[in-house]
Amino acid sequence: MSYGNQDNRGGPGGQRRDNRRDNRKEEVQSEFTEKVVSLNRVAKTVKGGRIFKFSALCVVGDGAGRVGFGLGKAGEISEAIRKGIEDAKKNVTTITTSGATIPHEVIGVFGAGRVLLKPAPPGTGVIAGSAVRAVVEAAGISDIRTKCLRSNNPQNVVAATMVGLKSLRDASQVASTRGKTIEEIVG
């Protein structure tokens, strides 16, 4: 038996399989815009001092009605942001828009957070706080008025904004649900 054609790199004929390259995803320019809404640092006190951990609330959107948010936690800020963006990409949903604004007024509720979302005429811009602004701009809405009614905790505010945006329906969706024509709904 001759082993001259093989070496220690695995595989017949000395060919090495590089599984690391095969499993690596190619870095492609993402279709989503990514925003970090808030960073939070928590400390755990142990015998030797304090241990710090970080959480990052992130929002992603394509600017054309698709938006999502996620929370990432890690020992380093960059790792927390990366996890938050990954989580946000898993939770992307499509929202209903009416041109550059929303079809009707809605209140989104999540936990103690309540967010009022009102349509605005063209040229108004985005009138919103930082957490709501991140979600609305990522969704591609450029004319809207908003108000946080109760909690101003960024996690609850972002979640309430998403609940409100998901509940939006335009005239054609309402007409198909009720079995009527759009003219009967609009009046």
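**Exercise 1.** Decide whether Ile77 is buried, partly exposed or exposed.

*Solution.* Step 1: recall the classes; buried means under 20% relative accessible area, exposed over 50%, and partly exposed in between (1.4 Å probe, protein chains only). Step 2: Ile77 has 37% relative accessibility, so Ile77 counts as partly exposed. Step 3: place the residue; Ile77 lies in helix α2, residues 77–90 (helices, H or I, of at least four residues and strands, E, of at least two are DSSP runs, numbered from the N terminus).

The model is predicted: local features need pLDDT of at least 70, side-chain atom pairs count only at pLDDT 80 or more, and totals for chains, interfaces and linings use all residues. Residues are numbered from 1 along each chain as its sequence is written, and side-chain values use heavy atoms, leaving out hydrogens and water.

**Exercise 2.** Classify Phe69 and list its contacts beyond its sequence neighbours.

*Solution.* Step 1: Phe69 is found in strand β3, residues 66–74. Step 2: its relative accessible area is 24%, so Phe69 is partly exposed. Step 3: leaving aside neighbours within four places in sequence, Phe69 is in contact (heavy atoms within 4.5 Å) with residues including Leu57, Val59, Ala88 and Met162. Step 4: Val59 is ten residues from Phe69 along the chain, and their C-alpha atoms are separated by 4.3 Å.

**Exercise 3.** Find which strands stand at the edges of the sheet β5-β6-β8-β7.

*Solution.* Step 1: four strands form this open sheet, with mixed pairing (two strands pair if DSSP finds at least two bridges between them). Step 2: β5 (106–110) and β7 (126–127) each have a single partner strand, so they stand at the edges. Step 3: β7 pairs with β8 (residues 144–148) in the parallel sense over two bridges; the bridge partner of Val126 in β8 is Ile144.
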